Amino acid sequence: MASKIEVQENQLEGVLVLVPVGRIDSSNAPAFEKLINNHIDDGETNIIVDFGRLSFISSSGMRVLLIAAKSVRGSQGGKLVLCGMRDSIREIFSISGFDAIIPVVNTRADALNVK
């Protein structure tokens, strides 16, 4: 059974900012995927995911982000940008090559400037 995930949501200069809290793993990745997909289906084309309150992400969570990034980029010309990662999480994105597919920056301000 999928568990819930807490995700804070707000807008910053017309961009949706999602802040997942705690962990994204196989138990709650489906709920996170549904949340992101609902926003994309509602027309959100530019999304920032701020990892500032995230302590862990599994491959299930990374897969959700990859699919979401491809979805907003492909069908709507938008972008998904990640920011605020702990060093340990950023290293995983770097080693896996995900940071070559999804932009990873330090701050929300940097995320707003990604073209």
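Biologist: Is Asp50 buried or exposed in this model?
Modeller: This is a predicted model, so every value here is computed from its atoms. A residue counts as buried when its relative accessible area is under 20%. Asp50 has 12% relative accessibility, so Asp50 is buried.

Biologist: Which residue meets the side chain of Asp50 in a salt bridge?
Modeller: The pair links distant parts of the chain, with Asp50 in strand β3 and its partner in helix α4 (residues 108–112), 58 residues apart. The partner counts as partly exposed, at 27% relative accessibility. The N to O distance is 2.7 Å, and the residue that meets Asp50 is Arg108.

Biologist: How many salt bridges does the structure hold?
Modeller: Besides the pair of Asp50 and Arg108, Arg23 and Asp25 meet at 3.3 Å, N to O. Glu33 in helix α1 also pairs with Arg63 in helix α2, 30 residues apart, and their closest N and O atoms are 3.7 Å apart. The number of salt bridges in the structure is three.

Biologist: Which way do the buried residues of α1 face, on the same side or on opposite sides?
Modeller: The buried residues of α1 are Ala29, Phe32, Glu33, Ile36, His39 and Ile40. An α-helix has 3.6 residues a turn, so residues three or four places apart point the same way. The buried residues of α1 cover an arc of only 130° around the axis, which puts them on the same side.

Biologist: And which exposed residues does the face of α1 turned away from its buried side carry?
Modeller: Helix α1 runs over residues 29–41 and reaches 18 Å from its first C-alpha to its last. To count as exposed, a residue needs over 50% relative accessible area. On the face turned away from the buried side, the exposed residues are Lys34 and Asp41.

Biologist: Which helix gives the most to the largest nonpolar core?
Modeller: This core has 29 residues, and Phe32, Phe51 and Phe93 are among those that touch the most other members. Several elements, including β2 (15–24), α1 and β5 (79–83), each supply at least two residues. With seven residues, the helix that gives the most is α2.

Biologist: Which residues of α2 does Phe32 contact, leaving aside its neighbours within four places in sequence?
Modeller: Phe32 is one of the buried residues of α1. Its contacts beyond those neighbours include Ile5, Val7, Pro20, Ile24 and Val49. Helix α2 spans residues 59–76, and the contacts with numbers in that range are Val64 and Leu65.

Biologist: How are the rings of Phe51 and Phe93 arranged, stacked or edge-to-face?
Modeller: Phe51 lies in the loop between β3 (46–50) and β4 (54–57), and Phe93 lies in helix α3 (residues 87–96). Planes over 60 degrees apart count as edge-to-face. The ring centres are 5.8 Å apart and the planes stand at 90°, so the pair is edge-to-face.

Biologist: Which residue joins Phe51 and Phe93 in a cluster of ring pairs?
Modeller: Phe93 is buried, with a relative accessible area of 0%. Its second aromatic pair is edge-to-face too, 6.0 Å centre to centre and 85° between the planes. The residue that joins Phe51 and Phe93 in the cluster is Phe98.

Biologist: Which residues does Gly61 contact, beyond its neighbours within four places in sequence?
Modeller: Gly61 is found in helix α2. At 0% relative accessibility, Gly61 counts as buried. Beyond those neighbours, the residues in contact with Gly61 are Ile24 and Ala29.

Key
Residues are numbered from 1 along each chain as its sequence is written. This is a predicted model: local features need pLDDT of at least 70, side-chain atom pairs count only at pLDDT 80 or more; totals for chains, interfaces and linings use all residues. Side-chain values use heavy atoms; hydrogens and water are left out. Rings of Phe, Tyr and Trp (its six-membered ring) pair if their centres lie within 6.5 Å; planes under 30 degrees apart count as stacked, over 60 as edge-to-face and the rest as tilted. Helices (H or I, at least four residues) and strands (E, at least two) are DSSP runs, numbered from the N terminus. Buried means under 20% relative accessible area, exposed over 50%, partly exposed in between (1.4 Å probe, protein chains only). The expected span of a helix is 1.5 Å times one less than its number of residues. The arc is that of the directions from the helix axis to the C-beta atoms. A nonpolar core is a set of buried Ala, Val, Leu, Ile, Met, Phe, Trp, Tyr and Cys residues joined through side-chain atoms within 4.5 Å. Contact means heavy atoms within 4.5 Å. A salt bridge is a side-chain nitrogen of Lys or Arg within 4 Å of a carboxyl oxygen of Asp or Glu.
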